[in-house]
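This report looks at the interior of a protein chain and at two polar residues within it. Please keep the sequence and the structure in view while reading.

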Amino acid sequence: MIEEWIDQAPPEKRLSYFIESELSGDDYDERLEKLAKTLGYTNNAIVKRWVSGKTKIPLKHITAISDFLNCDISVVLPLWLSQELPDDWRLYSAGARMLSVWEFMLVDVARDIYAHGEE
């Protein structure tokens with residue numbers, strides 16, 4: 001689940017702020033370095049630029065970032081949409097309504113239960 005403060009952040013910075021908060025802690029530098037290596041970079045310079053908001057995060061890295069941060073992609077993707085089109089709040093809002101894999105499993109079970117008699 002994403003923290004409420006993220007909605008108050010400037011749209012173009014939400015993903016950067018989220019990643020920075022997820023990496024925060026005593027081992028911040030080590031985690032930053034590990035994320036960079038996980039994404040195939042030889043050093044953490046580009047990831048530092050992402051976290052500072054100086055450079056946009058490419059879509060091709062969103063899945064790997066969500067895996068690294070151990071969060072569902074449905075959390076990260078709306079933040080990426082916000083980064084790309086900060087003036088389109090409707091796009092972010094639609095993205096934020098995506099179901100996580102676990103939420104979808106519940107919906108799928110509910111459909112099986114409640115739609116069983118409709119066949």
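Which residues does His61 touch, not counting residues up to four places away in sequence? In this predicted model, His61 touches Leu39, Tyr41 and Trp50 when those sequence neighbours are left out. His61 is found in the loop between α3 and α4, and its side chain is joined to that of Tyr41 by a polar contact of 2.9 Å. Because its relative accessibility is 7%, under the 20% cut-off, His61 counts as buried.

Gln83, found in helix α5, also counts as buried, because its relative accessibility of 4% is under 20%. Its side chain makes a polar contact of 2.8 Å with the side chain of Glu84, and, with residues up to four places away in sequence not counted, Gln83 touches Pro11, Glu12, Leu15, Lys56 and Ile57.

The two side-chain polar contacts are set out below.

| Residue | Partner side chain | Polar contact |
|---|---|---|
| His61 | Tyr41 | 2.9 Å |
| Gln83 | Glu84 | 2.8 Å |

Leu15, one of the residues that Gln83 touches, leads on to the nonpolar interior. The largest nonpolar core has 24 residues, and those touching the most other members are Leu15, Phe18, Ile19, Leu35, Ile65 and Leu69. Two or more residues of this core come from each of α1 (14-23), α2 (28-38), α3 (45-52), α4 (62-68) and α5 (73-84), and α5 gives the most, with five residues. In soluble globular proteins, nonpolar side chains tend to be buried together.

Conventions
Residues numbered from 1 in each chain as written. Predicted model: local features only at pLDDT ≥ 70, side-chain atom pairs only at ≥ 80, totals over all residues. Heavy atoms only, no water. Core = buried A, V, L, I, M, F, W, Y, C linked by side-chain atoms within 4.5 Å. Buried < 20%, exposed > 50% of the residue type's maximum accessible area, 1.4 Å probe, protein only. Helix = DSSP H or I, 4+ residues; strand = E, 2+ residues; numbered from the N terminus. Polar contact = N/O pair within 3.5 Å; in protein donor to acceptor, adjacent residues only side chain to side chain. Contact = heavy atoms within 4.5 Å.
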